[in-house]
Amino acid sequence: MGKAAIAGLLSLLAMAGCRDPIAEQAKEPALRPSAVFEGLPLSGNLATALAAGFGDCLADTIVLRCTKRQVRVMGVGPVLAAVDIGLKSRRFDHVTLWHRTDQSLLLELRPLLGTSGWRSCLTADEERFWRPPNPIRIAIDTNYWANRRAVLSAPPPVRQPYCP
């Protein structure tokens with residue numbers, strides 16, 4: 001095999017290994033989210049996230065994280081929001097909220113949820129909120145290291161209770 005043929009084969013192999021996971025996922029049609037809370041889709045794919053205003057997507061070896069700035073939830077904010085899209089599954093199933101410097105900001109959601117009919121319980125690491133029959137679940141960190149988070153999700157029903 002000549003040098004030109006080897007060089008051509010190597011370039012083809014190199015191009016095959018240089019896939020762009022963001023571009024590939026962006027071509028897929030948007031999935032309908034299982035639920036939407038305050039305009040944030042709680043599940044979907046990259047197209048779902050992009051349609052909801054998420055961007056600045058960064059990939060590591062496991063997930064593609066897309067963020068949205070200046071988000072307000074029930075009037076609380078602005079905070080950052082992120083979805084973590086699995087590179088293999090190509091889906092996300094929750095939204096994470098946080099503020100970079102104000103650890104108390106998300107705690108302002110607690111009384112607002114309470115007056116809106118949400119029930120709550122405490123676990124070792126978070127306060128959990130739910131409002132039957134709504135499938136949406138909210139967990140606010142009570143124990144934190146860097147940034148206090150709130151995780152919004154709408155998981156499928158399970159037999160075990162959300163609160164112990």
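Is Asp141 buried or exposed, and what is its relative accessible area? Asp141 is buried, at a relative accessible area of 6%; the close-ups below start from the whole chain and come back to this residue.

This is a predicted model, in which local features need pLDDT of at least 70 and side-chain atom pairs count only at pLDDT 80 or more, while totals for chains, interfaces and linings use all residues. Residues are numbered from 1 along each chain as its sequence is written, and side-chain values use heavy atoms, with hydrogens and water left out.

**View 1. The whole chain has 4 helices and 10 strands.** Helices (H or I, at least four residues) and strands (E, at least two) are DSSP runs numbered from the N terminus. Read from that end, the order is α-α-β-β-α-β-β-β-β-α-β-β-β-β. Of the 164 residues, 37% are buried, meaning under 20% relative accessible area, with exposed over 50% and partly exposed in between (1.4 Å probe, protein chains only).

**View 2. The largest nonpolar core has 33 residues.** Such a core is a set of buried Ala, Val, Leu, Ile, Met, Phe, Trp, Tyr and Cys residues joined through side-chain atoms within 4.5 Å. Phe54, Leu97 and Ile138 have the most contacts inside this core. Elements that each supply at least two of its residues include helix H3 (46-51), strand E6 (94-98) and helix H4 (109-115). The largest share, 5 residues, comes from E5.

**View 3. Zooming in on Leu97 and its neighbours.** Leaving aside residues up to four places away in sequence, Leu97 touches a set of residues among them Leu40, Val71, Val79, Leu106 and Leu152. Contact here means heavy atoms within 4.5 Å. Arg148 and Arg149 also touch Leu97.

**View 4. Strands E3, E4 and E5 are linked by hairpins.** Two strands pair if DSSP finds at least two bridges between them. E3 (residues 55-59) and E4 are antiparallel over 3 bridges, and Gly55 has Thr67 as its bridge partner in E4. That hairpin has 3 residues between its strands. E4 and E5 are antiparallel too, over 8 bridges, with Val73 bridged to Val76 of E5. Here 2 residues sit between the strands, and Met74 in the turn has a positive phi of about 55 degrees.

**View 5. Back to Asp141, in strand E9.** With a relative accessible area of 6%, Asp141 counts as buried. Skipping residues up to four places away in sequence, Asp141 touches Asp125, Glu126, Asn147, Arg148 and Arg149.
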